[in-house]
Amino acid sequence: MAEAERYYVTTPIYYVNDAPHIGHAYTTLACDALARFMRLDGRSVHFLTGTDEHGQKVAKSAAAAGMSPKDFTDKVSQNFRELAKAMNFSNDDFIRTTEERHKKSCQELWRRLKERGEVYLGSYAGWYAVRDEAYYGEEELTLAPNGKRIAPSGAEVEWVEEPSYFFKLSQWGDKLLKFYEDNPQFLAPESRRNEIISFVKSGLRDLSVSRTTFNWGVPVPDDPDHVMYVWLDALTNYITAVGFPDDNAPSYRKFWPADLHMVGKDIARFHMVYWPAFLMAAGLEPPRRVFAHGWWTNEGQKMSKSLGNALEPHAMVAKYGLDQVRYFLLREIPFGNDGDFSHRSMVHRMNGDLANDLGNLAQRVLSMINKNCGEQVPQPGAFTDADKKLLSSAHGLLAKVRPLMAEQAFHRTLEAIWQVVGDGNRYVDEQAPWALKKTDPARMATVLYVLAETVRHVAILVQPVMPHSMAKMLDQLAVPDDARTFSALGDGGTLKPGTKLPKPEGVFPRYVDEAA
RNA sequence: GGCGCCGUAGCUCAGCGGUAGAGCAGGGGAAUCAUAAUCCCUUGGUCGGUGGUUCAAAUCCGCCCGGCGCUACCA
């Protein structure tokens with residue numbers, strides 16, 4: 001009781017070589033909304049993001065730029081910090097795999113695996129594409145006219161044979177299946193479940209976890225010819241960030257196992273199969289849940305380098321507004337599914353849900369208060385059944401939304417809140433405070449008070465998704481900074497009649513397309 | 001090929017044994033506090049096809065058609 005319940009949520013670490021696009025922003029946004037929600041709900045939160053900076057491709061890009069890998073990654077990892085800033089992400093830490101703390105952590109994890117006999121030295125042979133940094137199976141290759149073998153990606157491959165350490169993944173199939181069975185919440189969303197389970201059931205092969213063909217990575221302890229291969233290195237960041245290898249560190253004891261690893265569906269397997277296997281093999285606890293979300297398309301088209309149609313977060317924010325973009329991404333599609341971004345649907349959401357429904361509700365209420373109640377919170381009289389009904393729907397929101405957020409159902413959370421926004425608009429029309437103004441000013445004051453309370457609830461609950469806009473809305477209700485958490489919901493922080501209110505200003509402008 | 005998912009109103013989806021729902025879009029009306037925003041009413045579907053189980057099927061089973069995902073060491 002004494003200590004707040006903790007919540008540890010992570011994004012994947014992003015590959016520094018990539019230019020940040022909407023996919024990165026989307027993953028981190030989902031985590032940000034969760035982190036903010038949990039903080040407002042009184043939990044002690046650790047929200048981690050960062051960059052993955054090792055690997056052959058990075059070394060090559062650095063060389064091409066005439067820089068050392070270290071200088072190069074210092075520079076490009078900045079892109080992701082800037083993205084976080086531009087999107088108003090509230091991460092508590094930003095980890096880089098080139099940091100000393102991470103090297104120590106990886107090496108200790110390695111030692112534990114080695115000690116337990118989970119890692120052994122063998123050799124790896126196969127068709128390797130340098131450009132892709134990947135091995136391909138014989139059957140995937142095609143023969144080019146010049147006799148070279150070509151990977152599906154179009155990259156040239158060569159036969160490579162190298163010594164490599166292997167992780168005994170083959171021993172972990174049954175234990176993973178049992179783990180999935182005992183922890184049904186671990187694999188999410190449901191649609192990924194079958195895929196992962198059938199993958200594991202089909203039989204696991206040992207996993208090559210070291211490389212000797214390049215050296216830009218974490219050196220394998222006691223065998224400096226090897227560096228650890230991508231996934232072992234990358235995944236370990238999640239424990240590094242909370243203090244591993246010091247398992248007794250207060251932060252480690254507090255935050256591990258993580259409550260949630262948020263990932264894109266392309267890297268589901270690494271997080272849902274390899275990572276829990278690595279951890280269990282090292283005698284550590286697996287995370288509690290991994291959620292693999294879907295991808296966005298742009299106006300119905302898959303985003304690709306060749307089409308040059310990647311959605312660029314900075315440009316979207318500049319065009320539509322930050323909170324509008326945040327809202328759209330979390331409201332438009334059932335979280336977990338793929339979704340399509342289009343100008344049309346974006347404008348539809350920002351004008352319909354934000355400007356017309358919520359923005360206008362706040363504006364009509366605040367402006368009536370401003371004009372008719374002496375620019376201060378009105379003094380309510382006794383509540384009627386209609387008043388109580390609206391208030392109770394606002395008061396009941398948190399209980400409704402908590403379980404939805406616990407399963408990352410952002411769209412349903414917002415839908416539930418907007419239900420109350422709709423109730424509010426209906427109530428205004430039914431009560432017609434503009435008519436009461438002449439016939440029963442005291443009743444008008446009560447109606448406007450009930451509405452202001454409703455707006456207060458909505459604004460507090462929407463903060464995780466649209467922090468700036470809701471701060472503005474709460475400012476206009478003169479809600480003190482210390483009364484904006486979920487503990488102020490219900491009767492915990494009711495508006496005080498007589499409180500001076502500032503002049504209202506629209507929070508969500510309508511988007512109007514320029515006439516052609 | 002194997003395993004799995006999906007196909008419900010124009011669009012996005014919910015319903016998953018008791019003879020169809022929501023939001024948006026479309027049509028009509030009311031109101032005028034408000035960012036010409038809001039509110040009410042309303043058109044619209046033989047629930048992909050087909051055979052079966054059942055007193056009763058979008059809802060369970062078989063087959064067919066259509067779409068999609070996974071099938072390992074690229075993030």
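Helices (H or I, at least four residues) and strands (E, at least two) are DSSP runs, numbered from the N terminus. The model shown in these views is predicted.

**View 1. The loop between H13 and H14 holds a residue with positive phi.**
Glutamate 375 sits in the loop that runs between H13 and H14. Its phi is near 55°, a positive value in a residue that is not glycine. Most residues other than glycine have a negative phi. The relative accessible area of glutamate 375 is 35%, so this residue is partly exposed.

**View 2. Aspartate 222 also has a positive phi.**
Here phi is about 65°, although aspartate 222 is not a glycine. Aspartate 222 lies in the loop between strand S12 (219–220) and strand S13 (223–228). Its relative accessibility is 78%. Exposed means over 50%, so aspartate 222 counts as exposed.

**View 3. Phenylalanine 244 and proline 245 are joined by a cis peptide bond.**
Most peptide bonds are trans. The bond from phenylalanine 244 to proline 245 is cis, and its omega is near 15°. Proline 245 belongs to the loop between helix H8 (237–240) and helix H9 (250–255).

**View 4. Tryptophan 256 and proline 257 are joined by a cis peptide bond.**
Omega is about 5° at this bond. Proline 257 is placed in the loop between H9 and strand S14 (260–264).

**View 5. Helix H14 has a buried face and exposed residues turned away from it.**
H14 spans residues 385–395. Its buried residues are Asp387, Leu390, Leu391 and Ala394. Looking down the helix axis, these residues fall within an arc of 95°, so they line one face of H14. The face turned away from the buried side carries Asp385 and Lys389, which are exposed.

**View 6. Helix H15 keeps its buried residues on the same side.**
H15 covers residues 397–406. Leu397, Leu398, Val401, Leu404 and Met405 are its buried residues. Around the axis they cover an arc of only 130°, which puts them on the same side of H15. Ala399 and Lys400 are exposed on the other side.

**View 7. A salt bridge links helix H18 to helix H14.**
The side chains of arginine 443 and aspartate 387 meet in a salt bridge, at 2.7 Å from N to O. This pair connects distant parts of the chain, 56 residues apart: arginine 443 is in helix H18 (residues 441–462), and aspartate 387 is in H14. Buried means under 20% relative accessible area. Arginine 443 has 15% and is buried. Aspartate 387 has 0% relative accessibility, so it too counts as buried. Aspartate 387 is also one of the buried residues of H14 shown in View 5.

**View 8. Glutamate 332 and arginine 349 form a salt bridge.**
Their side chains meet at 2.6 Å, N to O. Glutamate 332 lies in the loop between helix H12 (322–331) and strand S17 (339–341), while arginine 349 lies in helix H13, so the pair ties together parts 17 residues apart in sequence. Is each partner buried or partly exposed? Glutamate 332 is partly exposed, with a relative accessible area of 24%. Arginine 349 is buried, with a relative accessible area of 16%.

**View 9. Arginine 101 and aspartate 93 form a salt bridge.**
The closest N and O atoms of this pair are 3.0 Å apart. Arginine 101 counts as partly exposed, at 29% relative accessibility. Aspartate 93 has a relative accessible area of 17% and is buried.

**View 10. Four residues share a network of salt bridges.**
The linked residues are Glu53, Lys70, Asp74 and Arg96. How many salt bridges does a search of the whole structure find? The search finds 30.

**View 11. Lysines form a positive surface patch.**
The patch is made up of Lys371, Lys437, Lys438 and Lys503. One of them, lysine 371, is found in helix H13 (residues 343–372). Its relative accessibility is 66%, so lysine 371 counts as exposed. Helix H13 also holds arginine 349, the salt-bridge partner seen in View 8.

How values were computed: Residues are numbered from 1 along each chain as its sequence is written. Chains are lettered from A and ligands numbered from 1 in the order in which they are written. This is a predicted model: local features need pLDDT of at least 70, side-chain atom pairs count only at pLDDT 80 or more; totals for chains, interfaces and linings use all residues. Side-chain values use heavy atoms; hydrogens and water are left out. Patches are made of residues with over 30% relative accessible area and no salt bridge: like charges are joined within 9 Å, nonpolar side chains (Val, Leu, Ile, Met, Phe, Trp, Tyr) within 5 Å. Accessible areas come from the Shrake-Rupley method with a 1.4 Å probe; for residues, only the protein chains shown count as cover. Lys and Arg count as positive and Asp and Glu as negative; His and the chain ends are not counted. The place of a charge is taken as NZ of Lys, CZ of Arg, CG of Asp or CD of Glu. Buried means under 20% relative accessible area, exposed over 50%, partly exposed in between (1.4 Å probe, protein chains only). The arc is that of the directions from the helix axis to the C-beta atoms.
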